[in-house]
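Please look through the structure shown below and keep it in view while reading the paragraphs that follow, since each of them points to particular places in the chain.

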Amino acid sequence: MSRSNAAIKALHTLTRDTVIPAKHFDRHVREIIGRNHRLIAIVCASIVEVNLARLIKTFLRNGEGDLFDNRAPFSAFAAKIEVSYRLGLIDADVRRNANYLREIRNLFAHRIAPTSFRTREVAAVCKLLAVNFPGFPEIIGARERYWRAALQTGKAINRRCAFGWEAQPASLQ
């Protein structure tokens, strides 16, 4: 029993390893925007979730304790989104994008049947994602819209980490 507990604990430790070394970054981006739709959905949403956790931790005055541990108050993606919004750390657009990304991620993670960004319901939710990439070519398809929205949303949240309470909420603008 203790060997299995140690193995599970080691797995949980890996989930907190959120830094991508610079030497692996290009390979990581190629993997994200590759052909595997399930991988894109899960990894891109994780980028947003990791940045939300980092944002919340930035503003915890007495440390994080076990708030982010498995089954703890901030372990769920939805909780991270809602707390960030209620604290004024993200705006309604970032919240909306994060929730759409979460819903799509959950479908890909839990649905056993073949699913892709061409699945009618997935494509419909992707159309709801706000994406603002001035100067970039027009977005082609739901898959591209999803990963661009995830990267933009994650970047907006990441930028917000650098400022104190008096700063504006993370925004897609």
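Helix 5, which covers residues 92-110 of this predicted model, is a good place to begin. At 1.5 Å a residue its 19 residues should span 27 Å, and because the C-alpha atoms at its two ends are 27 Å apart, the expected span and the one in the model agree. At the start of helix 5, a side-chain oxygen of aspartate 91 comes to within 3.1 Å of the backbone nitrogen of aspartate 93. Further along, the buried residues of helix 5 are Val94, Asn97, Ala98, Asn99, Leu101, Arg102, Ile104, Arg105 and Phe108, and what they pack against is helix 3 (37-58), helix 4 (77-86), helix 6 (120-126) and helix 7 (141-160).

One of these partners, helix 4, can be followed in more detail. The axes of helix 4 and helix 5 come within 10 Å and cross at roughly 175°; an angle over 145 degrees counts as roughly antiparallel, and helix 4 and helix 5 are therefore roughly antiparallel to each other. On the side of helix 4, the residues that take part in this meeting are Phe77, Ala78, Ile81, Glu82, Tyr85 and Arg86, while helix 5 contributes Ala92, Arg95, Ala98, Asn99, Arg102 and Arg105.

How are two other partners of helix 5, helix 3 and helix 7, arranged with respect to each other? They pack at an angle of about 15°, with their axes 8 Å apart, and because angles under 35 degrees count as roughly parallel, helix 3 and helix 7 are described as roughly parallel to each other. Helix 3 passes helix 7 in a left-handed crossing. Many residues meet here, among them His37, Ile40, Ala41 and Cys44 in helix 3, and Arg143, Tyr146, Trp147 and Ala150 in helix 7.

Some single residues can now be added to this picture. Glutamine 152 lies in helix 7, and with a relative accessible area of 11% it is buried, because buried means under 20%. A polar atom of the side chain of glutamine 152 lies 3.3 Å from the backbone oxygen of leucine 172.

Phenylalanine 74 is found in the loop between helix 3 and helix 4, and although it is a loop residue, its relative accessible area of 14% makes it buried. Phenylalanine 74 and alanine 53 are 21 residues apart in sequence, and in space their C-alpha atoms are 8.0 Å apart.

Is arginine 111, in the loop between helix 5 and helix 6, buried or partly exposed? With a relative accessible area of 35%, arginine 111 is partly exposed, as this value falls in between the 20% limit for buried residues and the 50% limit for exposed ones. The side chain of arginine 111 reaches the backbone oxygen of proline 114 at 3.3 Å, and, leaving aside its neighbours within four places in sequence, arginine 111 is in contact with Arg38 and Asn106.

Stepping back to the whole protein chain, the secondary structure comes to seven helices and zero strands, so that from the N terminus on its elements run α-α-α-α-α-α-α. Of its 173 residues, 35% count as buried. Among the contacts between residues at least 6 apart in sequence, 59% join residues at least 24 apart.

Conventions: Residues numbered from 1 in each chain as written. Predicted model: local features only at pLDDT ≥ 70, side-chain atom pairs only at ≥ 80, totals over all residues. Heavy atoms only, no water. Helix = DSSP H or I, 4+ residues; strand = E, 2+ residues; numbered from the N terminus. Expected span 1.5 Å × (residues − 1). Buried < 20%, exposed > 50% of the residue type's maximum accessible area, 1.4 Å probe, protein only. Contact = heavy atoms within 4.5 Å. Polar contact = N/O pair within 3.5 Å; in protein donor to acceptor, adjacent residues only side chain to side chain. Axes fitted to C-alpha atoms, helices over the stretch in contact; angles between N-to-C directions. Parallel < 35°, antiparallel > 145°, perpendicular 65-115°, else oblique. Left-handed = near helix turned anticlockwise from the far one by under 90°.
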